[in-house]
Amino acid sequence: MAIFVFLALSACSDQGTNSGRVDAAQYDAYWLWAGVKPQPVLDRAKAIYILGAEINSSNLSGVQILRPSPPSIKQVDIWLVIRLETLDLSEKQYQALFDLVGRWNSAGGELAGVQIDFDANTRGLDGYAAFLKGFRKRLSAGYKLSITGLLDWSANGDPSQLNGLADTIDEAVLQTYQGRQTIAGYDKWLRNLEELPMPFRIGLVQNGEWREPEKLQQNRNFKGYVVFLLNPEQ
């Protein structure tokens, strides 16, 4: 997952921001990926980002539907995550994705929005912004649009390109991990978060390293955390 929505959810006051390790029970927003079993922490969730479909390099002409419908969870903001390995989508692929959005909205209660998970290179954000603008036009007005993002965006992203993203999306979730591990030196990449012109969340990995940067809670664009859940290691 590349490294992630604004949500009207506020940052949790009980989140263990300086505990050193990410205790999922101390947060209230989660990613639930394919193959990951639900955990008791989901009982207290306010938002769950669920991988529902992907277009991968082994089948760029089709759409792999991973969840035909969302789990039946009440009083939780459900986000349909679409994982992309290309931005060159056919009309048939768009149709399949938006048919899925409709099914999720009908089957699981009101769908909060869609999150696009794509490995967007920091130097190519203008092309990504153009794709998202077109995707947004196709998306019904009642849905919000979220994206995952890289830590590098805040440090090396072109301001004009970042503004292009900000004009289109409701939130970016910046991922601080790769695989099951927190990125080494993540704190250095978080020093320029004030430069991000969009609402954002920080994506953490369950049990990963994390210490909250100073003044993060005072950043007017910071909307909280999303924890990527993992299956227990055997």
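Contact here means heavy atoms within 4.5 Å. Keep that in mind for these exercises on a predicted model.

**Exercise 1. Work out which side of helix α1 faces the protein, and what α1 packs against.**

Solution. Start with the dimensions: α1 covers residues 91-107, 17 residues in all, and spans 24 Å from its first C-alpha to its last, close to the 24 Å expected at 1.5 Å a residue.

Next, list the buried positions, that is, those under 20% relative accessible area. In α1 they are Gln93, Tyr94, Leu97, Phe98, Leu100, Val101 and Trp104. These residues cover an arc of only 145 degrees around the axis, so they sit on the same side of α1. The spacing is worth recalling: an α-helix has 3.6 residues a turn, so residues three or four places apart point the same way.

Now turn to the face away from the buried side, where you will find the exposed residues Glu91, Lys92, Ser106 and Ala107.

Finally, look for the partners. The buried residues of α1 pack against strands β3, β4 (64-65), β5 and β6, and against helix α2.

**Exercise 2. Describe the surroundings of strand β6, residue by residue and then strand by strand.**

Solution. Begin with burial: 6 of the 6 residues of β6 (residues 113-118) are buried, which leaves the strand mostly covered.

Then sort the side chains. Gly113, Gln115 and Asp117 point one way, while Val114, Ile116 and Phe118 point the other way, and all are buried.

Now find the neighbours. Strand β5 (residues 77-84) runs parallel to β6 and is joined to it by 6 bridges; here Val81 stands opposite Gln115. Strand β7 (residues 144-150) also pairs with β6 in the parallel sense, over 4 bridges, and Gly113 stands opposite Lys144 of β7. To get from β6 to β7, the chain passes through helix α2 (residues 125-138) in a right-handed β-α-β crossover.

**Exercise 3. Decide whether Pro40 and Thr176 are buried or exposed, and place each in its loop.**

Solution. Take Pro40 to begin with. Pro40 belongs to the loop between β2 (29-32) and β3 (47-55). Its relative accessible area is 69%, so Pro40 is exposed, the cut-off being over 50%. Its C-alpha atom is separated by 8.5 Å from that of Ala25, 15 residues apart along the chain.

Move on to Thr176, in the loop between β8 (171-175) and β9 (177-178). With a relative accessible area of 1%, Thr176 is buried. A polar atom of the Thr176 side chain lies 2.7 Å from the backbone oxygen of Gly203.

Technical notes: Residues are numbered from 1 along each chain as its sequence is written. This is a predicted model: local features need pLDDT of at least 70, side-chain atom pairs count only at pLDDT 80 or more; totals for chains, interfaces and linings use all residues. Side-chain values use heavy atoms; hydrogens and water are left out. Helices (H or I, at least four residues) and strands (E, at least two) are DSSP runs, numbered from the N terminus. Buried means under 20% relative accessible area, exposed over 50%, partly exposed in between (1.4 Å probe, protein chains only). A polar contact is a pair of N or O atoms within 3.5 Å; within protein, one must be able to donate a hydrogen and the other to accept it, and residues adjacent in sequence count only if both atoms are side-chain atoms. Two strands pair if DSSP finds at least two bridges between them. A crossover is right-handed if, with the strands pointing away from the viewer, the path from the first strand over the helix to the second runs clockwise. The expected span of a helix is 1.5 Å times one less than its number of residues. The arc is that of the directions from the helix axis to the C-beta atoms.
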